[in-house]
Amino acid sequence: MDLLSALSLGELALSFSRVPLFPVFDLSYFIVSIIYMKYEPGAVELSRQHPVASWLCAMLHCFGSYILADLLLGEPIIDYFSNSSGILLASAVWYLIFFCPLDLFYKCVCFLPVKLIFVAMKEVVRVRKIAVGIHHAHHHYHHGWFIMIATGWVKGSGVALLSNLEQLLRGVWKPETNEILHMSFPTKASLYGAILFTLQQTRWLPVSKASLIFIFTMFMVSCKVFLTATHSHSSPFDVLEGYICPVLFGTAWGGDHHHDNHGASHGGGLGTQHSSLPAKAREELSEGSRKKKTKKAE
């Protein structure tokens with residue numbers, strides 16, 4: 001019985017929640033974040049031509065969530081840069097990924113089995129950041145549910161939410177790629193996780209914080225490792241959202257496109273068909289109609 005109690009989920013979750021993140025887990029977080037940065041078009045050329053801008057983008061990928069959370073809570077946004085150890089570690093990772101001879105470091109960390117380990121460890125950091133962010137916001141705003149949810153959300157997905165700012169640093173402006181318009185799985189999961197941790201923090205969810213951290217981390221690790229291994233960009237929430245969104249918001253994915261096609265097919269009139277044609281085709285059609293009328297008149 002003593003052995004079973006020692007191996008209980010509560011003890012395991014408590015021990016897991018006390019595992020320090022620095023340096024091993026933080027190192028994995030930096031590696032995966034900067035790998036994804038290198039995937040961006042033009043990132044390698046930027047590192048050669050403008051290394052300072054490239055370094056700033058890398059720091060934004062690594063610490064953007066802290067910056068955005070401090071901005072929301074009215075704290076100095078440069079405060080986290082006082083952590084010299086984290087900055088130096090992230091800078092070393094950036095240099096090795098972009099400037100290591102023969103790209104040896106990049107090839108090693110991108111080897112799929114190794115990369116999956118780093119991806120799993122990054123999700124451990126993500127969930128811990130969500131929990132810490134909500135605890136920090138609760139310290140300032142005891143009854144500010146929305147503030148706690150927003151802080152936890154940006155702690156978990158701040159890098160993605162700052163993607164447009166990161167693009168500006170690279171000299172690119174693509175507002176249509178806004179993360180709020182096209183949420184990825186980590187962004188959605190961070191939002192849902194922030195809601196769960198807020199409910200737990202305000203004692204509406206009858207579960208210990210350590211247990212919630214452990215359970216949600218296992219969920220995030222399983223999903224993210226599977227998506228990375230299968231090179232999938234889908235979300236486990238897509239099926240559920242496909243049923244809920246039409247009920248709550250009265251529309252399904254692609255509803256506008258269906259409406260446009262419906263209007264075109266049932267317009268029935270020649271004017272509707274003409275409006276869907278290119279300008280040159282409409283001119284030729286009009287010219288043909290005039291010639292037919294002229295022949296009839298003759």
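Q: What share of the contacts with a separation of 6 or more in the chain comes from residues 24 or more positions apart?
A: A contact requires heavy atoms within 4.5 Å. Among contacts in the chain with a separation of 6 or more, 72% are accounted for by residues 24 or more positions apart. The model is predicted, with local features needing pLDDT of at least 70, side-chain atom pairs counting only at pLDDT 80 or more, and totals for chains, interfaces and linings using all residues. Residues are numbered from 1 along each chain as its sequence is written, and side-chain values use heavy atoms, leaving out hydrogens and water.

Q: How many helices and strands are there in the chain?
A: The chain has 16 helices and zero strands. Both are DSSP runs numbered from the N terminus: helices are H or I with at least four residues, strands are E with at least two.

Q: What makes F185 count as buried?
A: Buried means under 20% relative accessible area, exposed over 50%, and partly exposed in between, with a 1.4 Å probe and protein chains only. F185 has 4% relative accessibility, so F185 counts as buried. Its place is in helix 11, residues 185–201. Of the 298 residues of the chain, 40% count as buried.

Q: Which residues does F185 touch, not counting those up to four places away in sequence?
A: F185 touches F219, M220, C223, K224, L227, S234, S235, P236 and F237. One of these, L227, is 42 residues from F185 in sequence, with the C-alpha atoms 9.6 Å apart in space.

Q: Why is the pair of F63 and Y80 called tilted?
A: Rings of Phe, Tyr and Trp (its six-membered ring) pair if their centres lie within 6.5 Å; planes under 30 degrees apart count as stacked, over 60 as edge-to-face and the rest as tilted. By this rule the chain has 16 aromatic pairs. For F63 and Y80, the centres are 5.1 Å apart and the planes differ by 40°. Because that angle is neither under 30 nor over 60 degrees, the pair counts as tilted.

Q: What parts does the pair of F63 and Y80 tie together?
A: F63 lies in helix 5 (residues 51–72) and Y80 in the loop between helix 5 and helix 6 (84–99), so the pair ties together parts 17 residues apart in sequence. Both F63 and Y80 are buried. They belong to one aromatic cluster with Y29, F30, Y66 and F81.

Q: How do you know that the charged end of K38 sits over the ring of F98?
A: A charge sits over a ring if NZ of Lys or CZ of Arg is within 6 Å of the ring centre and within 35 degrees of the ring normal. The charged end of K38 is 5.6 Å from the ring centre of F98. K38 also lies over the face of Y106, at 4.0 Å from the ring centre.

Q: What makes the link between the side chains of Q201 and K209 a polar contact?
A: A polar contact is a pair of N or O atoms within 3.5 Å; within protein, one must be able to donate a hydrogen and the other to accept it, and residues adjacent in sequence count only if both atoms are side-chain atoms. The side chains of Q201 and K209 make such a contact at 3.1 Å. Q201 lies in helix 11, and at a relative accessible area of 16% it is buried.

Q: Is T202 buried or exposed?
A: T202 is buried, with a relative accessible area of 18%. T202 lies in the loop between helix 11 and helix 12 (209–229). A polar atom of its side chain lies 3.3 Å from the backbone oxygen of L199.

Q: Why does V172 count as partly exposed?
A: At 24% relative accessibility, V172 falls between the limits for buried and exposed, so it counts as partly exposed. V172 is found in the loop between helix 10 (163–169) and helix 11.

Q: What is the sign of phi in L102?
A: Most residues other than glycine have a negative phi, and most peptide bonds are trans. Phi of L102 is near 60°, a positive value, and phi of D103 is positive as well, near 55°. L102 is exposed, with a relative accessible area of 68%, whereas D103 counts as partly exposed at 25% relative accessibility.

Q: What kind of peptide bond joins F22 and P23?
A: The bond is cis, with omega about 5°. P23 is found in the loop between helix 2 (9–17) and helix 3 (24–39).
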